[in-house]
Amino acid sequence: MQNKTLLLSTACCLLLGLVGFSYNGSAASQDKAVDDGEAALAEVLAQGGVTVDFESDAIAISTRLIVTHDLLEYVLVGPSGSGHESLLTTEVKGSMIHAGLTAVGVGQGENAAYVEVDPAPTEEELRAGAKRYSMTYPSGDGIFPYLAWREGKEVYFVRVEDTINNALSGRTMDRHRWVYIGSRFAKVREDGPEVFMADAEQNLINLAFFTEGNTLCTASLPECEIQTIWSANPWVLPPPGEPVRLILAHERLDSLPPGL
């Protein structure tokens with residue numbers, strides 16, 4: 001119970017610091033504080049476009065399909081993000097998604113990083129193809145992503161990986177936990193203030209590795225080091241431009257949660 005109260009408090013602080021909302025929780029009892037806190041936080045998140053389901057520890061946002069017949073480097077971007085190489089776009093701010101995932105207990109993991117090889121390779125080894133740097137892959141807590149949409153009376157519910165092709169393996173992307181890196185604060189201009197980079201750049205979930213750490217979430221498979229092998233699986237997806245719901249869950253889901 002204390003952990004849940006702490007998560008709610010953290011999520012509310014994120015909303016205060018990132019998007020300017022206020023939050024008033026009940027202090028009558030710890031149980032009532034959690035119930036009231038969840039209800040109030042869910043309402044605030046809903047105003048920002050994030051539906052939260054505390055029963056399944058998952059959130060959902062509205063998105064639209066944009067790239068289904070070209071190479072992909074991202075799964076999700078905002079209106080000003082790299083839409084020419086993303087499966088989905090959304091109007092929801094990265095800071096709101098960040099607060100929603102914090103509220104359902106998603107912790108922050110480690111992004112991919114280049115590490116200098118020690119001892120450094122000799123010139124002869126470099127000429128033979130040795131590398132000066134090796135990559136450590138993303139690790140830690142994260143999410144399982146799903147897509148849901150309607151076609152007539154049918155409701156479709158699929159893992160995001162099933163909608164992405166891997167040209168290297170000749171199959172769809174392997175299902176896995178995507179690592180939540182939570183973006184960062186940095187200056188866009190040298191003389192400007194620090195800003196939340198997921199809101200500034202609007203690139204939110206990446207397929208290929210980007211070591212800057214500006215996105216919210218990253219795929220974490222070793223082959224994601226290669227940027228030119230990912231494309232959408234159009235046989236599974238509705239046509240470009242169609243609305244779909246993106247569900248980000250802390251644990252695997254067997255079906256679409258009723259709350260979403």
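Visitor: Why is the contact between R177 and D141 called a salt bridge?
Guide: In this predicted model, the side chains of R177 and D141 come to 3.5 Å, N to O. The cut-off is 4 Å between a side-chain nitrogen of Lys or Arg and a carboxyl oxygen of Asp or Glu. The pair R177 and D141, at 3.5 Å, therefore counts as a salt bridge.

Visitor: What makes this a link between distant parts of the chain?
Guide: R177 sits in the loop between strand 10 (171–172) and strand 11 (178–180). D141 sits in the loop between strand 6 (133–136) and strand 7 (142–151). The two residues are 36 residues apart.

Visitor: Why is R177 called partly exposed?
Guide: R177 has 24% relative accessibility. Buried means under 20%, and exposed means over 50%. The value for R177 lies in between, so R177 is partly exposed. D141 also has 24% relative accessibility, so D141 counts as partly exposed.

Visitor: How do you know that R177 forms a salt bridge with E251?
Guide: The closest N and O atoms of R177 and E251 are 3.2 Å apart. That is within 4 Å, so the pair qualifies. This pair also links distant parts of the chain: E251 lies in the segment after strand 17 (243–249), 74 residues apart from R177. E251 is partly exposed because its relative accessible area, 43%, falls between 20% and 50%.

Visitor: What makes D141, R177 and E251 a network?
Guide: R177 forms a salt bridge with D141. R177 also forms one with E251. D141, R177 and E251 are thus linked in a network of salt bridges. The structure holds five salt bridges.

Visitor: How do you know that R175 and D162 meet in a salt bridge?
Guide: Their side chains are at 2.6 Å, N to O. The limit is 4 Å, so R175 and D162 meet the rule. R175 lies in the loop between strand 10 and strand 11, and D162 in the loop between strand 8 (154–159) and strand 9 (164–166), so the pair ties together parts 13 residues apart in sequence.

Visitor: Why is R175 called exposed?
Guide: R175 has 52% relative accessibility. Exposed means over 50%, so R175 counts as exposed.

Visitor: What makes Y146 and F157 a stacked pair?
Guide: By the ring-pairing rule, the count comes to five aromatic pairs. Y146 and F157 form one that is 5.0 Å centre to centre, with 5° between the planes. Centres must lie within 6.5 Å and planes under 30 degrees apart, so this pair is stacked. Y146 lies in strand 7 and F157 in strand 8, so the pair ties together parts eleven residues apart in sequence.

Visitor: How do you know that W149 and Y156 are stacked?
Guide: The ring centres of W149 and Y156 are 5.4 Å apart, with 5° between the planes. The distance is within 6.5 Å and the angle is under 30 degrees, so this pair counts as stacked.

Visitor: Why is W149 called buried?
Guide: W149 has 3% relative accessibility. That is under 20%, so W149 is buried. Its partner Y156, at 34%, is partly exposed.

Visitor: What makes R159 a charge over the ring of Y146?
Guide: The charged end of R159 sits 5.4 Å from the centre of the Y146 ring. The distance limit is 6 Å, so R159 satisfies that part of the rule. Y146 itself is buried, at 3% relative accessibility.

Note on methods
Residues are numbered from 1 along each chain as its sequence is written. This is a predicted model: local features need pLDDT of at least 70, side-chain atom pairs count only at pLDDT 80 or more; totals for chains, interfaces and linings use all residues. Side-chain values use heavy atoms; hydrogens and water are left out. Helices (H or I, at least four residues) and strands (E, at least two) are DSSP runs, numbered from the N terminus. Buried means under 20% relative accessible area, exposed over 50%, partly exposed in between (1.4 Å probe, protein chains only). Rings of Phe, Tyr and Trp (its six-membered ring) pair if their centres lie within 6.5 Å; planes under 30 degrees apart count as stacked, over 60 as edge-to-face and the rest as tilted. A charge sits over a ring if NZ of Lys or CZ of Arg is within 6 Å of the ring centre and within 35 degrees of the ring normal.
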